[in-house]
Protein chains: 2
Amino acid sequence: MNDAEPIKTPLTLDDGVDFAIIEHLFFAYRDFTADPDAILDEYGFGRAHHRVLHFVNRLPGLTVAELLEVLRITKQSLARVLKQLVDDGYIVQFPGPRDRRQRELYPTQKGRNLALALALPQSRRIRAALEEAQPGDSAAVARFLRAMVNPELRPQMDKLPNGRSK
Amino acid sequence: MNDAEPIKTPLTLDDGVDFAIIEHLFFAYRDFTADPDAILDEYGFGRAHHRVLHFVNRLPGLTVAELLEVLRITKQSLARVLKQLVDDGYIVQFPGPRDRRQRELYPTQKGRNLALALALPQSRRIRAALEEAQPGDSAAVARFLRAMVNPELRPQMDKLPNGRSK
DNA sequence: AAATTAAGTCAATAAGACTGACATAATTTT
DNA sequence: AAAATTATGTCAGTCTTATTGACTTAATTT
């Protein structure tokens with residue numbers, strides 16, 4: 001009974017859950033993605049385009065299958081986004097040298113420029129956040145975020161250029 | 001000319017951008033949200049329901065307008081989600097005592113239970129990530145994440161119970 | 001020659017957001 | 001007391017990003 005009774009006390013850290021970091025992550029990630037979103041809007045692109053463009057720039061020559069694995073989306077979801085980026089000249093495709101069924105994806109100079117422009121405000125935000133921090137905090141943050149990822153995915157992260165450095 | 005030329009070298013940290021933390025945040029946030037998403041699926045709920053339920057539990061008695069401000073969405077977006085949570089008995093509404101136009105939102109016991117169940121895997125993930133960390137890392141991470149949020153929003157974060165403690 | 005694989009495409013669906021317009025009830029201002 | 005404003009709710013339509021399922025084409029493997 002009393003199933004519809006209102007509970008008037010808030011959930012707090014005393015309930016054994018780290019709400020502070022849970023909420024900090026929510027707010028931080030929201031503002032973190034808002035920066036590039038505003039730029040993407042001017043190009044008629046969305047967050048999905050950003051992710052594709054980012055990883056093609058970080059791993060030039062990766063295949064469609066590899067990109068799908070990193071992004072963890074379906075090829076139908078990728079198709080629309082990738083087609084636009086290719087049509088608009090941000091990404092070019094080449095048949096794989098070994099296996100010609102594969103398509104190797106490379107950024108053009110235009111694609112490289114946009115990827116950098118999108119990363120810049122995010123990098124600025126990170127740098128500003130670390131400026132208020134103590135020495136060593138940067139490494140602590142990188143370690144923490146890496147440990148937040150499922151263990152089986154961490155090797156994938158380490159394949160990214162300089163992915164291991166802090 | 002040569003606008004369609006492929007660029008074969010990857011973007012790296014040498015380009016002056018902290019790609020490591022940018023990508024760490026992407027992967028960490030993806031796995032961080034995947035935990036509750038799996039639970040929500042069983043209830044026929046989505047991530048939007050989670051956010052509403054979370055903040056109603058953290059700030060019991062908040063009004064619809066206050067909730068909209070925290071979530072930064074429109075009332076039409078909130079409507080669908082909130083209606084389901086009320087209809088299914090996770091949240092109850094009461095007219096505001098001062099201003100009867102307002103609706104104060106409270107969790108029921110059922111809503112409290114679900115909010116805790118959703119927070120638990122996230123809290124476990126955070127605790128596990130901090131266990132591999134050095135002492136003091138926890139505070140450094142909280143400071144960093146807070147500094148990643150737009151300054152004008154930080155007072156709002158501090159209003160959450162124990163929001164300031166590390 | 002047959003089976004498998006990489007990629008592309010077509011169609012339908014869903015969640016979660018949006019804008020714009022309008023309704024109702026309660027409060028505040030004039 | 002009447003008018004204006006405010007808090008909430010609702011209707012209708014749109015957009016982005018994702019999904020599943022089915023099928024095609026071309027290339028490689030068995």
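In this predicted model, helix H2 of chain A passes helix H3 of chain A in a right-handed crossing, the name given when the near helix is turned clockwise from the far one by less than a right angle, an anticlockwise turn being left-handed. Helices here are DSSP runs of H or I with at least four residues, numbered from the N terminus. Two packed helices are described by the angle between their axes and the distance between the axes. For H2(A) and H3(A), the latter covering residues 64-71, the angle is about 120 degrees and the axes lie 11 Å apart. The axes are lines fitted to C-alpha atoms over the stretch in contact, and angles run from 0 to 180 degrees between N-to-C directions. H2(A) is therefore oblique to H3(A); angles under 35 degrees count as roughly parallel, over 145 as roughly antiparallel, 65 to 115 as roughly perpendicular and the rest as oblique.

Which residues bring these two helices together? On the H2(A) side they are A:Arg51, A:Val52, A:Phe55 and A:Val56, and they meet A:Leu67, A:Val70 and A:Leu71 of H3(A), contact meaning heavy atoms within 4.5 Å. Six of the contact residues are nonpolar, one is charged and none is polar. In this grouping Ala, Val, Leu, Ile, Met, Phe, Trp, Tyr, Cys and Pro count as nonpolar, Asp, Glu, Lys and Arg as charged, and the others, Gly among them, as polar.

A helix pair in chain B can be described in the same terms. H3(B) and H4(B) pack at about 110 degrees with axes 10 Å apart, which means that H3(B) is roughly perpendicular to H4(B). H3(B) contributes B:Val64, B:Leu67 and B:Leu68, while H4(B) contributes B:Lys75, B:Leu78 and B:Leu82. Five of these residues are nonpolar, one is charged and none is polar.

The DNA comes next, beginning with strand D. It is surrounded by 24 residues, the closest being A:Gly46, A:Arg51, A:Ser77, B:Lys75 and B:Arg101; a residue is near a strand if one of its heavy atoms lies within 4 Å of it. Of the atoms of DNA strand D within 4 Å of the protein, 57% belong to sugar or phosphate and the rest to bases. The side chain of A:Thr74 places an N or O atom 2.8 Å from a phosphate oxygen of this strand, a polar contact being a pair of N or O atoms within 3.5 Å. A polar backbone atom of A:Arg100 is 3.2 Å from a phosphate oxygen of strand D, and a backbone N or O atom of B:Arg103 is also 3.2 Å from one. H2(A) supplies the largest share of the surface near this strand, four residues. By class, that surface has 11 charged, nine polar and four nonpolar residues.

Around DNA strand C there are 24 residues, with A:Lys75, A:Arg101, B:Gly46, B:Arg47 and B:Arg51 the closest. Phosphate oxygens of strand C lie 3.2 Å from a polar side-chain atom of A:Gln93 and 3.2 Å from a backbone N or O atom of B:Arg100. Here H2(B) gives the most to the nearby surface, with four residues.

Residues are numbered from 1 along each chain as its sequence is written, and chains are lettered from A and ligands numbered from 1 in the order in which they are written. Local features need pLDDT of at least 70 and side-chain atom pairs count only at pLDDT 80 or more, whereas totals for chains, interfaces and linings use all residues; side-chain values use heavy atoms, leaving out hydrogens and water.

Technical notes
A polar contact is a pair of N or O atoms within 3.5 Å; within protein, one must be able to donate a hydrogen and the other to accept it, and residues adjacent in sequence count only if both atoms are side-chain atoms.
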